[in-house]
Amino acid sequence: MKKFWKALGIAALAAVVPVRFLKDEETGKKKYQSLLLSVDVDTDPEDQTVDIGINLGEGLLTDLGRKLAGAVRESEMFTDDPAEAALDPEELQTVADDLQAAADEAQATADELQAAADEAQAAADEASIDDFEPEF
C-alpha cells in the first residue's frame with residue numbers, strides 16, 4: 001500500500017508542478033504545461049474575466065510520446081529501397097481495370113434501381129383515390 005501512495009504522490013506532482021510556461025504576446029493567453037497536463041489561462045481586460053482550460057493528456061511527457069509514436073509510424077510509410085518504392089505500371093493498370101469494372105457494375109445497378117423507381121412513380125401517378133379500399 002505504501003508503494004501505491006508513493007506512485008500516486010509522484011503522479012500528482014507530475015500533474016501539478018509546471019515545467020513550461022508559454023505566453024502569446026498578441027492575445028495575452030498564457031499556457032502552463034506540466035508533465036501530464038496543461039492549463040490555458042486567457043484573461044479579458046474588457047470584461048475582467050478569466051477563462052481557464054485544463055487539458056488532461058497534453059503535458060510534456062504525452063507530447064513526447066505522441067511525437068515518438070508518430071515518428072515510428074512515419075518511418076514505416078517510407079522506404080530507402082528504390083526497387084521497392086517503384087510502382088509496376090502493369091500492376092497499376094490491373095488495379096485500375098478492376099476498379100473500372102466495379103464502377104461499371106455499380107452504375108448498371110444504379111440504372112436498374114432508377115428504372116424501377118420510375119415505374120413505381122408512374123404507377124403511383126396513375127392510381128386514383130377510387131382504387132383504394134375504404135376499410136383500410
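Met-1 is exposed, with a relative accessibility of 72%. This residue belongs to the segment that precedes helix H1 (2-16). Together with Phe-4, Trp-5 and Leu-8, Met-1 makes a nonpolar surface patch of about 500 Å². The model described here is predicted. Its mean pLDDT is 80, and 85% of the residues in the chain reach 70 or more. Confidence varies between the elements: helix H4 (residues 89-126) has the highest mean pLDDT, at 89, whereas helix H3 (residues 82-85) has the lowest, at 68.

The chain contains four helices and four strands. Read from the N terminus, these elements follow the order α-β-β-β-β-α-α-α. The accessible surface of the chain amounts to about 11800 Å², and carbon and sulfur atoms account for 58% of that area. Of the 136 residues, 7% count as buried. When contacts between residues at least 6 apart in sequence are considered, 18% of them join residues at least 24 apart.

Within the run of strands, S2 (30-33) and S3 (residues 37-44) are antiparallel and are joined by four bridges. The connection between S2 and S3 is a hairpin of three residues. In this pairing, Tyr-32 stands opposite Val-39 of S3. Strand S3 also pairs with S4 (residues 49-56), again in the antiparallel sense, over eight bridges. Here the hairpin has four residues between its strands, and Gln-48 in the turn adopts a positive phi of about 55 degrees. Two of the facing positions along S3 and S4 can be named: Asp-40 is opposite Gly-53, and Thr-43 has Val-50 as its bridge partner. Strand S4 is hardly covered, since the number of buried residues among its eight residues is zero.

Strand S3 does contain a buried position. Val-41 is located in this strand and has a relative accessible area of 16%; it is therefore classed as buried, the limit being under 20%. Beyond its neighbours within four places in sequence, Val-41 is in contact with Gly-28, Lys-29, Lys-30 and Tyr-32, and also with Val-50 and Asp-51. The contact with Tyr-32 involves a residue that faces Val-39 in S3, and the contact with Val-50 involves the bridge partner of Thr-43. The C-alpha atoms of Val-41 and Lys-31 are separated by 6.2 Å, although these residues are 10 apart along the chain.

Lys-29, one of the contacts of Val-41, lies in the loop between strand S1 (20-23) and S2. Its relative accessibility of 38% makes Lys-29 partly exposed. Apart from residues up to four places away in sequence, Lys-29 touches Leu-22, Lys-23 and Asp-24, as well as Asp-40, Val-41 and Asp-42. The C-alpha atoms of Lys-29 and Asp-40, which are 11 residues apart along the chain, are separated by 7.1 Å. Asp-40 is also the residue that stands opposite Gly-53 in S4.

Two further buried residues occur in succession, at Gln-33 and Ser-34. Gln-33 is found in strand S2, and its relative accessible area is 3%. Setting aside residues up to four places away in sequence, Gln-33 touches Pro-18, Val-19, Arg-20, Ser-38, Glu-58, Gly-59, Leu-60 and Asp-63. Ser-34, by contrast, is placed in the loop between S2 and S3, where its relative accessibility is 2%. With the same exclusion of residues up to four places away, the contacts of Ser-34 comprise Ala-14, Ala-15, Val-16, Val-17, Pro-18, Val-19, Gly-59 and Leu-60. Pro-18, Val-19, Gly-59 and Leu-60 thus appear among the contacts of both Gln-33 and Ser-34.

Key. Residues are numbered from 1 along each chain as its sequence is written. This is a predicted model: local features need pLDDT of at least 70, side-chain atom pairs count only at pLDDT 80 or more; totals for chains, interfaces and linings use all residues. Side-chain values use heavy atoms; hydrogens and water are left out. Patches are made of residues with over 30% relative accessible area and no salt bridge: like charges are joined within 9 Å, nonpolar side chains (Val, Leu, Ile, Met, Phe, Trp, Tyr) within 5 Å. Accessible areas come from the Shrake-Rupley method with a 1.4 Å probe; for residues, only the protein chains shown count as cover. A salt bridge is a side-chain nitrogen of Lys or Arg within 4 Å of a carboxyl oxygen of Asp or Glu. Buried means under 20% relative accessible area, exposed over 50%, partly exposed in between (1.4 Å probe, protein chains only). Contact means heavy atoms within 4.5 Å. Two strands pair if DSSP finds at least two bridges between them. pLDDT is the predictor's confidence in each residue, from 0 to 100.
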